[in-house]
Amino acid sequence: MKHHFSLWVRWKERGALDGLRFPGVYALAISEEDIAGAAFSWRQEIIYVGMSNAKGGLKSRLQQFDNTIRGREGHGGGQRVRFKHPDYSAIAPRLFVSVWPIECNVESGDPEDLRGMGEVARLEYECFARFAETFHCLPEFNDKKRSPKGESKRERS
């Protein structure tokens, strides 16, 4: 599995990753150590695993996450991260991402493209399983019981 994930990159450099136009899975890590350029590995610093099967691919999903940790709504995992780490300028330099794009066309309806989209969903759960096997829990912000979203704008109205 680790051979399909990209190298770790700094959050601010995520746009340089290959395959972002495609669906896929992604892993986010908060690390005090600079892991940029390191091969992907299951590490305790992984805080979130997510996926995208949307037309905008991984690029749009990572942008949604960024928008949310900056203070907007739109990404549930991002809301949980923002609840614990409300200062974007403090978390962003320690945030790293690795992606596993799956080349397929989400709009085609072609059987092979549909299988590719199914593979994305399967891979997300495989990632959860690998992390849980290694660390005996889900990544912190995938675990909704351990990491609340906090009060959303809708709950305050």
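**Salt bridges, aromatic pairs and packing**

Reader: What is the relative accessible area of Arg122?
Author: In this predicted model, Arg122 counts as partly exposed, because that class covers values between the buried limit of 20% and the exposed limit of 50%. The relative accessible area of Arg122 is 43%.

Reader: Which residue meets the side chain of Arg122 in a salt bridge?
Author: The partner lies in helix H4 (residues 111-135), 3 residues from Arg122, so the two are separated by about one helical turn. In general, an α-helix has 3.6 residues a turn, so residues three or four places apart point the same way. The partner is partly exposed, at 27% relative accessibility. With 2.9 Å from N to O, the residue that meets Arg122 is Glu119.

Reader: What is the N to O distance in the salt bridge between Glu126 and Arg130?
Author: Both residues belong to helix H4 and are 4 residues apart, about one turn of the helix. Glu126 is partly exposed at 24% relative accessibility, and Arg130 is partly exposed with a relative accessible area of 30%. Their side chains meet with an N to O distance of 3.0 Å.

Reader: Which residues are joined into one network by salt bridges that share partners?
Author: In this case, the salt bridges have partners in common and so form a single network. Its members are Arg10, Glu13 and Asp34.

Reader: How many salt bridges does the rule count?
Author: The rule asks for a side-chain nitrogen of Lys or Arg within 4 Å of a carboxyl oxygen of Asp or Glu. The pair of Glu119 and Arg122, at 2.9 Å, is one that satisfies it. The count comes to 14.

Reader: How many residues apart are Arg94 and Glu32?
Author: The side chains of Arg94 and Glu32 meet in a salt bridge, at 2.7 Å from N to O. This pair links distant parts of the chain, with Arg94 in the loop between H3 and strand S4 (95-101) and Glu32 in the loop between S2 and S3. Arg94 is partly exposed at 23% relative accessibility, whereas Glu32 is exposed at 68%. In sequence, the separation of the two is 62 residues.

Reader: How many aromatic pairs does the structure hold, and what is the angle between the planes of Phe5 and Phe40?
Author: The structure holds 10 aromatic pairs. In one of them, Phe5 and Phe40 are stacked, 4.0 Å centre to centre. Phe5 lies in the segment before strand S1 (9-10) and Phe40 in the loop between S2 and S3, 35 residues apart. The angle between the planes is 15 degrees.

Reader: How far apart are the ring centres of Trp8 and Phe40?
Author: Phe40 is buried, with a relative accessible area of 2%. Its planes with Trp8 are at 25 degrees, so the pair is stacked. Because Trp8 lies in the segment before S1 and Phe40 in the loop between S2 and S3, the pair ties together parts that are 32 residues apart in sequence. The ring centres are separated by 5.3 Å.

Reader: Which residues form one aromatic cluster?
Author: Phe5 is buried at 7% relative accessibility, and Trp8 and Phe40 are buried too. These three belong to one cluster, whose members are Phe5, Trp8, Phe40, Trp42 and Trp100.

Reader: Which residue lies over the face of Trp11?
Author: The distance from the ring centre is 4.2 Å, and the rule for a charge over a ring allows up to 6 Å. The residue over the face of Trp11 is Arg14.

Reader: Against which elements do the buried residues of H2 pack?
Author: The buried residues of helix H2 (residues 76-84) are Gly77, Gly78, Gln79, Arg80, Val81 and Arg82. They pack against strand S3 (46-52), helix H1 (57-69) and helix H3 (88-91).

Reader: With which residues is Ala36 in contact, leaving aside its neighbours within four places in sequence?
Author: Ala36 lies in the loop between strand S2 (24-30) and S3, and is partly exposed with a relative accessible area of 27%. Ala36 and Glu13 are 23 residues apart in sequence and 9.6 Å apart in space, C-alpha to C-alpha. The contacts of Ala36 are Trp8, Arg10 and Phe96.

Reader: Over which residues is the pLDDT below 50?
Author: The mean pLDDT of the protein chain is 91, and 93% of its residues reach 70 or more. One stretch has a pLDDT below 50, with 5 contacts in the model beyond near neighbours in sequence: residues 152-157.

Terms used. Residues numbered from 1 in each chain as written. Predicted model: local features only at pLDDT ≥ 70, side-chain atom pairs only at ≥ 80, totals over all residues. Heavy atoms only, no water. Buried < 20%, exposed > 50% of the residue type's maximum accessible area, 1.4 Å probe, protein only. Contact = heavy atoms within 4.5 Å. pLDDT = per-residue confidence, 0-100. Phe/Tyr/Trp six-rings, centres within 6.5 Å; stacked < 30°, edge-to-face > 60°. Lys NZ or Arg CZ within 6 Å of the ring centre and 35° of its normal.
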